[in-house]
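Let us walk through this structure, from the annotated domain to the chain as a whole and then to single residues.

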Amino acid sequence: MTRAFLVVIDSVGIGGAPDADAFFNGSRPDTGANTVAHIAQAQPLKLPVMDALGLGAAIRLASGADTPGLDADPTGAWGAATEVSPGKDTPSGHWELAGVPVPWDWTYFPDTQPAFPDNLTALICKLAGTEGILGNCHASGTAIIDAHAAEHMRTGWPIVYTSADSVLQIAAHEESFGLDRLLTLCRDLAPHVHAMKVGRVIARPFVGTDGAYTRTPNRKDYAIATPAPTICDDAQAAGRRVHAVGKIGDIFSMRGIDEVRKGDDRTLMGHLSDLVDTAEEGSFTFANFVEFDSLYGHRRDIPGYAGHLEWFDAELGRLLPRLRDGDLLIVTADHGNDPSWTGTDHTRERVPVLVYGIGAKSLGQIAFVDVAATVADHLGIPHTGPGKSVL
């Protein structure tokens, strides 16, 4: 048996999506957005490991963009993947990478105040046991906490907000409101929101006082269930152990997953490193590193994003030599989040597919679902979804 590791570096897009003109940040279409290329053009990038696998070549294939410093002749297998799901959000990208394109249009809350319909607001109040909510608008998570935390702690009303994604987020203080109470509220609300075809309810706990507030690692996503089996289900059905690193367990509602390991990205890298050493023969490890997106993409922080890419590249360089003979490791992404772009939303882009373990090979333009088919082929298990293996 052999093992497979699928690593999603959240939002690390490479431009060139053929339907980018149908997706927007405010009034500006995503045409021309290119997360990695625009970072590389803004400042030097040192990514020797991913570039050797084919990152620069994948960017040029996806979009034809100039990639200063990313010009290696690939020694890995590399390609560019195109998404078909009608969304540029986390569930859409991950589901499709796992073999299940989204078959419906997501529901998005309008960028108005209030953003939520009265009946949904009333339900949140009922479940929370409060007379009202705070926020009720599109907002940055850190900004809305800063704006409403003092009133939240005084009244006990939850801070409820949304974004350009199909999502409803609830922020509350871990101590004054209670972490368990917040998680229960989000869990109980989720089925009602999912029935509206809203992708996720996210619990956003925070701590602090007197204007110094910090979100904690106890975030939990309550995602709508996939409408069909994913590669996680396929692996588990074949008797293989499935390890989830990061928010994978939340994204897939724990379906097809045996073990979850969480934390910030540096903690998650420790978990992934441990699994490289200890994961069982025949197992599947699915990892997500979210801080490219959450800390740098949404905040339009080019230097921060560049630094995180370089940190990940160095860590990847320490992992690859420790893989066993026959192991497969794929590095890819779920969407873009160009930090040079207008607004704060994700950007519709193609994503890199960098494969270690099958030698040097151009994969060309592939589909997101081909990633799942490739994992299944490598593990030697039946695959219930669409897609074509690149092996």
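Residues 3–381 begin and end 12 Å apart, taken between their end C-alpha atoms. Helix makes up 37% of this span and strand 21%. The model is a predicted one. In UniProt, an unreviewed entry places the feature "domain: Metalloenzyme" at residues 3–381.

Now take the whole chain. It holds 13 helices and 16 strands. Its radius of gyration is 20 Å, close to the 21 Å that the globule rule gives for 391 residues, so the chain is as compact as a globular protein of that length. The C-alpha trace spans about 60 × 45 × 35 Å along its principal axes. Of the 391 residues, 59% are buried. Take the contacts between residues at least 6 apart in sequence: 68% of them join residues at least 24 apart.

The surface comes next. The chain exposes about 14,100 Å², and carbon and sulfur atoms supply 52% of that area. The chain carries 31 positive and 49 negative charges. The mean positions of the two sets are 2 Å apart.

Which residues does UniProt list for "binding site"? The unreviewed entry gives Asp-10, Asp-334 and His-335. They span 326 residues in sequence, yet no two of their C-alpha atoms are more than 7.2 Å apart, so they gather at one spot.

Look at Asp-10 within that group. It sits in the loop between β1 (4–9) and β2 (24–25). Is Asp-10 buried or exposed? Its relative accessibility is 0%, so Asp-10 counts as buried. Beyond its sequence neighbours within four places, its contacts include Thr-90, His-94, Lys-247 and Tyr-305. Asp-10 also contacts Asp-334 and His-335, both listed with it for the binding site in UniProt.

Asp-334 lies in another part of the sequence, in the loop between β14 (328–332) and β15 (351–356). Asp-334 is buried too, with a relative accessible area of 0%. Among its contacts outside the four-place window are Val-8, Ser-11, Glu-83 and Phe-368. Thr-90 and His-94 touch Asp-334, and they touch Asp-10 as well.

Finally, turn to Arg-299. This residue is found in the loop between α11 (291–297) and α12 (302–319). Arg-299 has a relative accessible area of 45%, so it is partly exposed. Leaving out residues up to four places away, Arg-299 touches Thr-142, Arg-215 and Ser-294. Arg-299 and Gly-343 are 44 residues apart in sequence. In space, their C-alpha atoms are 9.1 Å apart.

Key: Residues numbered from 1 in each chain as written. Predicted model: local features only at pLDDT ≥ 70, side-chain atom pairs only at ≥ 80, totals over all residues. Heavy atoms only, no water. Helix = DSSP H or I, 4+ residues; strand = E, 2+ residues; numbered from the N terminus. Rg over C-alpha atoms; globule rule 2.2 N^0.38 Å. Buried < 20%, exposed > 50% of the residue type's maximum accessible area, 1.4 Å probe, protein only. Contact = heavy atoms within 4.5 Å. Areas by Shrake-Rupley, 256 points an atom, 1.4 Å probe, with all protein chains shown as cover. Lys, Arg positive; Asp, Glu negative; His and termini not counted. Charge placed at Lys NZ, Arg CZ, Asp CG, Glu CD. UniProt positions renumbered as here; feature names shortened; annotations may be inferred.
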